[in-house]
Amino acid sequence: MLIYNIGRLCGLDRTGSLRRLSGHAADSLDCISDAWLSVEGELITGFGPMSELPDGAASHDSVDARGGWVFPSFCDSHTHIIYAGSREGEFRDKIDGLSYEEIARRGGGILNSADRLHEASEDELFEQAMTRVAEMTAAGTGAIEIKSGYGLTTADELKMLRVARRIQASTPAVVRTTFLGAHAVGRAYAGRQAEYVDLVCREMLPAVAAEGLADYVDVFCDEGFFTPDETSELLEAAARFGLRPKIHANELAVSGGVQTGVVHGALSVDHLERIGDGEIALLASSDTCATMLPGASFFLGMPYGPARKAFDGGCTVALASDYNPGSSPSGNMRMVVSLACIKMKLTPERAINAATINGAYAMGVSDLVGAIGAGRLANFFITAPLPDLAFFPYAYTSPLIRECYLRGRKV
Ligand code: NIG
Ligand code: FE
């Protein structure tokens, strides 16, 4: 397949070695104007300017992009899309002035979702999550990390992760799964947090590992949830099963989560609404990605993570949706990119890099997706013609994405 008359082909990896863009390396988006892109089967095979289109490259399945721009699909490295039902009741509570923490303390929040998930069958969960996946892939997402964490019992955590593996086998998007047993203390262990940590380490982790259900491990390391010491214990137990951390940190307080993540070689530390210069310097000197979730800040009315400062300080910054029923009921990565520009003051170039190649890095798939390059998966989308890159995040509700391709096929 050949895509031709591309107004601008964006997010290139010309050498095949691009894995992430840290600090000022993310200031520009590598593009060519008036371009073509070739695909064979699931993979990108080449690209170049129209002036150098090889003879005979056009074939019966050529696609005229009509001046539209082509971007690598978004890589959404942090989601909780397996959940039952929705939590718009809490949305009303928030409108009436309750905070996320107050709702959680009243037994709402994560525990509310855990109760509903317990009642749902694996098939029901799969159907509901696949609806969300379809919505995400239609909106330009081509890689999705999926967490457990609404089970909070061994059986229900396994149920969630089996659904996640089933999604992986059913969607053309690239999927990675993360075990988040330590998302909250399960109801049966109320007031017995240490025993719950023990259950996660001694029962859940071995069971998850025995079935090969998780690629990564996560802990909600934050005020009112799990402490840095408990997080260390959990991450050490997970390391024995070869699970690398991607943790929730510094959403509710400066919790020590960033330091704990870096010490344990986390692939990413996520949220970071509340971090200072010390955390930024530490992340910049590590291989740990700083993943920020502006959709959660928007929905909960929290501060936005200092993404601009983190890039200026040399960090690898990724943007993700955090799609979940409590703090971010949306998986729209274009909205995430726009919020990052508007609220975090990222340039459009930085925001796109953070939502593509750096998102891929944060879920360990940046050799496969996140950029346009020969040998990478043909995951990309075609937009309407754009006057400038900035138009894409600026016109934030205009339906600019015309066609999405995953593994070389239109979705
Ligand atoms: O990433 N912060 C922790 N977990 C989710 C929210 C979970 C929920 O409220 O259901 C998050 O924001
Ligand atoms: Fe989250």
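These are my notebook entries on a predicted model, covering its sheet, its iron site and its pockets and cavity.

**Entry 1. The sheet**

I looked up the strand order first. I find an open sheet of 8 strands, running S6-S7-S8-S9-S10-S11-S12-S13, and the pairing is parallel. Strand S6 (74-76) and strand S13 (317-319) form the edges; each has a single partner strand, so one side of each lacks a neighbour in the sheet. I then took the twist: on average, neighbouring strands of this sheet are turned by 25° against each other, with direction ignored.

**Entry 2. Two strand pairs**

I checked S8 (residues 174-182) against S9 and noted parallel pairing over 3 bridges. In this pair, Ala182 stands opposite Val219 of S9. I next checked S10 (residues 244-249) against S11 (residues 268-271), which pair in the parallel sense over 4 bridges. Here Lys246 stands opposite Ser268 in S11.

**Entry 3. Strand S9**

Is S9 buried or exposed? I find S9 (residues 216-221) mostly covered, with 6 of its 6 residues buried. I sorted its side chains by direction. Tyr216, Asp218 and Phe220 point one way, while Val217, Val219 and Cys221 point the other way. Both sets are buried. I note the background rule that side chains in a regular strand alternate between the two faces of the sheet.

**Entry 4. The iron ion**

Which protein atoms serve as donors to the iron ion (ligand 2)? I list His78 (NE2), His80 (NE2), His248 (NE2) and Asp322 (OD), at 2.1 to 2.3 Å from the ion. Along the chain, the donor spacing reads H-x1-H-x167-H-x73-D. I then placed two of these donors: His80 is in the loop between S6 and helix H1 (88-95), and Asp322 is in the loop between S13 and helix H12 (333-344). The pair is 242 residues apart and links distant parts of the chain. I find both His80 and Asp322 buried.

**Entry 5. The cavity**

I searched the whole structure for cavities of 30 Å³ or more and got 1. The largest cavity has a volume of about 90 Å³. Its lining has 14 residues, and those nearest its centre are His80, Tyr100, His183, Asn324 and Ser327. I note that His80 is also a donor of the iron ion (ligand 2). By class, I record 4 nonpolar, 7 polar and 3 charged residues in the cavity lining.

**Entry 6. The largest pocket**

I recorded a volume of about 320 Å³ for the largest pocket. Its lining consists of 20 residues, with Ala104, Leu111, Ala184, Gly224 and Phe225 nearest its centre. I asked which elements give two or more residues to this lining. They are helix H2 (100-105) and helix H3 (109-119). H2 gives the most, with 4 residues. I divided the lining by class into 10 nonpolar, 6 polar and 4 charged residues.

**Entry 7. The second largest pocket**

I recorded a volume of about 160 Å³ for the second largest pocket. It is lined by 17 residues, and the closest to its centre are Leu12, Leu18, Leu21, Ser28 and Asp30. By class, I count 8 nonpolar, 6 polar and 3 charged residues in this lining.

Terms used:
Residues are numbered from 1 along each chain as its sequence is written. Chains are lettered from A and ligands numbered from 1 in the order in which they are written. This is a predicted model: local features need pLDDT of at least 70, side-chain atom pairs count only at pLDDT 80 or more; totals for chains, interfaces and linings use all residues. Side-chain values use heavy atoms; hydrogens and water are left out. Two strands pair if DSSP finds at least two bridges between them. Axes are lines fitted to C-alpha atoms, for helices over the stretch in contact, and angles run from 0 to 180 degrees between N-to-C directions. Donors are N, O and S atoms within 2.8 Å of the metal (3.2 Å for Na, K and Ca); water is not among the atoms, so sites may look incomplete. Buried means under 20% relative accessible area, exposed over 50%, partly exposed in between (1.4 Å probe, protein chains only). On a 1 Å grid over the protein atoms alone, a cavity is a set of points where a 1.4 Å probe fits but cannot get out, and a pocket is an open set with protein on both sides within 12 Å along at least five of seven lines; lining residues have an atom within 4 Å of a point. Grid points are joined across faces, edges and corners, and a volume is the space filled by probe spheres set on the points. Ala, Val, Leu, Ile, Met, Phe, Trp, Tyr, Cys and Pro count as nonpolar, Asp, Glu, Lys and Arg as charged, and the others, Gly among them, as polar.
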